[in-house]
Amino acid sequence: MRIEIIAGLVSELNSQVFARLWSFVAPADLVRNSCLIVMGSEGRGEQILKTDQDNALILRDGFDHPDLAAVAQRFSDALAGCGYPPCPGQIMLTHGLWRQPLAGFKATITDWLLGHPPDGAMHLAVFMDARPVAGDHSLLAQAQQHLRTLFGGSAPLLARFAGAVDQFNEPGHWWDRLGGLRGRDEQRFDLKKLGTFPIVHGARALALEHGLSSLGTRERLQALASAGQLDATLVRDLVDALHFLMGLKLQHNLRQQALGEAVHNEVRLSDLGTLERDLLKDSLAIIKRFRQHLHSHFRLDAL
């Protein structure tokens, strides 16, 4: 089955699980006066295996629930009981930052963008992929509109946001190292940081610039091509590279689970067959082209 179909099915199933669990632990008045959201790869519909919880709760301004912290903890515990471990970075509604009234979220978003908190850029990126799963969806829509209004087509702000595409750069050229593995048997490659992340974040930044509401990376790229904002051939290649990397990551994560190992994104290059190495090399060449486009488009070298 194609990897994007698997991801879509898993995303829909996860959304049903999250909504049902929330209805079990949250009082009805809290459900009505809040919006439970999922973010990151779960929000984009690109999550397959259960990795960690990326969620938040936006409350209606003026609404208060005395046991909110306890309800949030029960929800997190219920998710953990279903196999969704807590987020190591605490991006979940048990943390006060991710459990605020709408006005508080707007103020936090403003600080992420215009201030200089250490995690501001990545928190913005995570929030940009937010998708509602329960409660009043309009609360998320208002927070997202606030984010778009703040950017307001500002070239410096967009460039600063897009610049995160280079966050996980490593020296040297990975695509030049994949031709032969002799003497490099234990060399490792991070399928997320060096693979899918540049595609995902580049598409995210361009979608923000052009006011696109799409969440999935493929949908964002295709919408950009349809609007004439990105070359259709490059979009086709990026989607192919993204799906190859997602499939490779799933294959290796399943292997890790079968061996009783902790699931992670790194793969030993010696574990790749000849065809996989060739496809990875081609994928990295496509990502390099996309990075070059982003550097030119957002003038990242001037930052």
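## Buried charges and a salt-bridge network

A residue counts as buried when its relative accessible area is under 20%. Arg44 has a relative accessible area of 14%, so Arg44 is buried. Keep that cut-off in mind as we walk through this structure, which is a predicted model.

Arg44 makes a good starting point. The side chain of Arg44 meets that of Glu46 in a salt bridge, with N and O 2.7 Å apart. Glu46 is buried as well, at a relative accessible area of 15%. Arg44 also forms a salt bridge with Asp129, where the closest N and O atoms are 2.8 Å apart. Arg44 belongs to helix H3, while Asp129 sits in the loop between H6 and strand S4 (131–135), so this pair ties together parts that lie 85 residues apart in sequence. For Asp129 the relative accessible area is 0%, which means that this residue is buried.

These three residues are part of a wider group: Arg44, Glu46, Asp129, Arg204 and Arg220 are linked in a network of salt bridges. In total, the structure holds 12 salt bridges.

## A bridge to helix H13

Another salt bridge joins Asp166 to Arg291, with the closest N and O atoms 2.9 Å apart. Asp166 is in the loop between helix H8 (155–162) and helix H9 (174–177), and Arg291 is in helix H13 (residues 274–298), so the pair ties together parts that are 125 residues apart in sequence. How exposed or buried are the two partners? Asp166 is partly exposed, with a relative accessible area of 22%, whereas Arg291 counts as buried at 13% relative accessibility.

## Asp190, a buried acid without a salt bridge

Side chains of opposite charge can pair when their charged atoms come close. Asp190, in strand S5 (residues 188–190), is buried yet has no salt bridge. Which side chain of opposite charge is nearest to Asp190, and how far away is that side chain? The answer is Lys193, at 4.7 Å. A salt bridge requires the nitrogen and the carboxyl oxygen to be within 4 Å, so the Lys193 side chain does not qualify.

Asp190 does have a polar atom of its side chain 2.9 Å from the backbone nitrogen of Lys192. Setting aside residues up to four places away in sequence, Asp190 touches Gly195, Asn265 and Glu266.

## The largest pocket

Two of the residues just named turn up again here. The largest pocket holds about 1,200 Å³ of space. It is lined by 36 residues, and those closest to its centre are Ser41, Asp52, Asp54, Lys192 and Asn265.

Helix H3 (40–44), helix H6 (120–128), helix H10 (191–209) and helix H12 (232–258) each supply at least two residues of the pocket lining. H10 gives the largest share, with six residues.

## The cavities

The count comes to two cavities of 30 Å³ or more. About 130 Å³ of space lies in the largest cavity. Of the 18 residues that line the largest cavity, Phe18, Glu42, Asp52, Gln53 and Asp54 lie nearest its centre. Asp52 and Asp54 are thus named for the cavity and for the largest pocket.

Helix H1 (3–25), strand S1 (34–38) and helix H4 (68–81) are the elements that give two or more residues to the lining of the largest cavity. S1 provides the largest share, three residues.

## Two polar side chains with distant partners in sequence

Gln100 is found in strand S3 (residues 99–101) and counts as buried, at 15% relative accessibility. Its C-alpha atom is 5.9 Å from that of Leu59, a residue 41 places away along the chain. Beyond its neighbours within four places in sequence, Gln100 is in contact with Leu57, Ile58, Leu59, Phe105 and Thr108. With Thr108, the Gln100 side chain makes a polar contact, side chain to side chain, at 2.9 Å.

Glu4 is found in helix H1 and also counts as buried, at 18% relative accessibility. The C-alpha atoms of Glu4 and Leu242 are separated by 9.7 Å, although the two residues are 238 residues apart along the chain. Not counting residues up to four places away in sequence, Glu4 touches Arg218 and His243. The side chains of Glu4 and His243 make a polar contact at 3.4 Å.

Methods. Residues are numbered from 1 along each chain as its sequence is written. This is a predicted model: local features need pLDDT of at least 70, side-chain atom pairs count only at pLDDT 80 or more; totals for chains, interfaces and linings use all residues. Side-chain values use heavy atoms; hydrogens and water are left out. Helices (H or I, at least four residues) and strands (E, at least two) are DSSP runs, numbered from the N terminus. Buried means under 20% relative accessible area, exposed over 50%, partly exposed in between (1.4 Å probe, protein chains only). Lys and Arg count as positive and Asp and Glu as negative; His and the chain ends are not counted. A polar contact is a pair of N or O atoms within 3.5 Å; within protein, one must be able to donate a hydrogen and the other to accept it, and residues adjacent in sequence count only if both atoms are side-chain atoms. Contact means heavy atoms within 4.5 Å. On a 1 Å grid over the protein atoms alone, a cavity is a set of points where a 1.4 Å probe fits but cannot get out, and a pocket is an open set with protein on both sides within 12 Å along at least five of seven lines; lining residues have an atom within 4 Å of a point. Grid points are joined across faces, edges and corners, and a volume is the space filled by probe spheres set on the points.
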